[in-house]
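Q: I'd like a close look at one part of this structure, please. Start with a single spot and take me through whatever it leads to, in plain words.

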Amino acid sequence: MSLYDTRRRTNTLATGLAWGAALFGLSWLLLILGSLAYEGLRGLSPSVFTQTTPPPGSVGGLMNAIAGSLVMTMIGVAIGAPLGMLAGTYLAEYGRYTKLATVVRFINDILLSAPSIVIGLFVYEVMVRPMGHFSAISGALALGLLVVPVVLRTTEDMLLLVPASMREAASALGAPRAMVIGQIAYRAARAGLVTGVLLAIARVSGETAPLLFTALNNQFWSSDLNAPMASLPVVIFQFALSPYKDWQQLAWTGALLITVTVLTLSIIARAFSAGRRN
């Protein structure tokens, strides 16, 4: 057998194993998504969006949980996204090679890989315990802390991709540093910055552990940010573990809603990223 035949057979075997592994993983993914779609669509009805979470044996929906998730996610993004962008701008434009930038990058990498429950425990100790009660604002703060490292990393990476010649041309025309960053660098990296925010929203929209320690839950409609507030991930967690069939059905429907939301945000983020590359 020649060396060429040996290499060809080895390549065929490796390619077959790679395809087999890919199909094995995709089959489980399709099985999970198929089960989620089948069970979730069974309970999808207008009452899901118009009624609050019910007691056992009653008809209800997920209106208060959906609204609570939207409120806390929006507040969390409003807190975390500006901080992440400002920190990423400093790392990319001002302190790229300083010791402070090295420390910030190291801490940011730790936050990116840290379990979200650690963030929840931190906010519980510094905010929930001193206040003496759970609240929606503490849940939003926990989500905001999860947003910061994602936006920071994306902002730094996108600004570093902007050609230095664009900054030099603007500076040569007499534009101050702040104007160069705001009018040139930000505009050139706009699609990437939006992508980073969308990816951060997709990450925090399904977080359960931080909200269990901060916002807890509320079976009723509540718009008070200083009181416990329902959220879709926490309701799914509690209803899925319950022995009641109607609650379990709502948990399937809520899981489907979160999955569709995260998938939609991921597709939009990829579309922005593809537009930036083009």
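**From one contact to the core**

A: Leaving out residues up to four places away in sequence, Gln 249 touches Glu 39, Gly 40, Arg 42 and Gly 43. Keep in mind that this is a predicted model. Gln 249 sits in helix H12, which runs over residues 245-277. Ala 22 is another story: 227 residues separate it from Gln 249 along the chain, and their C-alpha atoms are 32 Å apart.

H12 takes us to the largest pocket, since H12 is one of the elements that each give at least two residues to its lining, along with H3 and helix H11 (232-240). That pocket holds about 250 Å³ of space. Of its 13 lining residues, Ser 69, Leu 70, Thr 73, Ser 205 and Thr 261 are the closest to its centre. The largest share of the pocket's lining, five residues, comes from H3.

H3 also turns up at a cavity. Searching the whole structure for cavities of 30 Å³ or more gives just one, and the largest cavity has a volume of about 40 Å³. Its lining includes Ser 69 and Thr 73, plus Met 72, Leu 143 and Leu 211. Once again H3 gives the largest share of the lining, here three residues.

Now for the packing. As a general rule, nonpolar side chains in soluble globular proteins tend to be buried together. Here the largest nonpolar core has 21 residues, and the members touching the most others are Met 72, Leu 143, Val 147 and Leu 211. Helix H3 (63-94), H5, H6 and helix H9 (190-204) each give two or more residues to this core, with H6 providing the largest share, eight residues. Follow Leu 211 and you find contacts with Met 72, Gly 139, Leu 143, Leu 216, Ser 231 and Val 234, again skipping residues up to four places away in sequence. Apart from this core lies another one, of 17 residues, including Ile 66, Val 235, Phe 239 and Leu 250.

H5, one of the helices feeding the largest core, is a nice one to check with simple arithmetic. At 1.5 Å a residue, its 16 residues (116-131) should span 22 Å, and its end C-alpha atoms are 21 Å apart, so the two agree. H5 does have a kink, of about 45°, centred on Tyr 124. Its buried residues are Ser 116, Ile 119, Gly 120, Val 123, Met 127 and Val 128. A bit of background helps with that pattern: an α-helix has 3.6 residues a turn, so residues three or four places apart point the same way. Among the things covering the buried residues of H5 are helix H4 (99-113), helix H6 (136-160) and helix H10 (209-212). Just past the end of H5, Gly 132 takes a positive phi of about 85°.

One last stop, in the loop between H10 and H11, is Phe 220. Phe 220 counts as exposed because its relative accessible area is 59%, and the cut-off for exposed is over 50%. In sequence Phe 220 is 156 residues from Asn 64, yet their C-alpha atoms are 6.8 Å apart in space.

Technical notes: Residues are numbered from 1 along each chain as its sequence is written. This is a predicted model: local features need pLDDT of at least 70, side-chain atom pairs count only at pLDDT 80 or more; totals for chains, interfaces and linings use all residues. Side-chain values use heavy atoms; hydrogens and water are left out. Helices (H or I, at least four residues) and strands (E, at least two) are DSSP runs, numbered from the N terminus. The expected span of a helix is 1.5 Å times one less than its number of residues. The bend at a residue is the angle between axes fitted to the seven residues ending there and the seven starting there. Buried means under 20% relative accessible area, exposed over 50%, partly exposed in between (1.4 Å probe, protein chains only). Contact means heavy atoms within 4.5 Å. A nonpolar core is a set of buried Ala, Val, Leu, Ile, Met, Phe, Trp, Tyr and Cys residues joined through side-chain atoms within 4.5 Å. On a 1 Å grid over the protein atoms alone, a cavity is a set of points where a 1.4 Å probe fits but cannot get out, and a pocket is an open set with protein on both sides within 12 Å along at least five of seven lines; lining residues have an atom within 4 Å of a point. Grid points are joined across faces, edges and corners, and a volume is the space filled by probe spheres set on the points.
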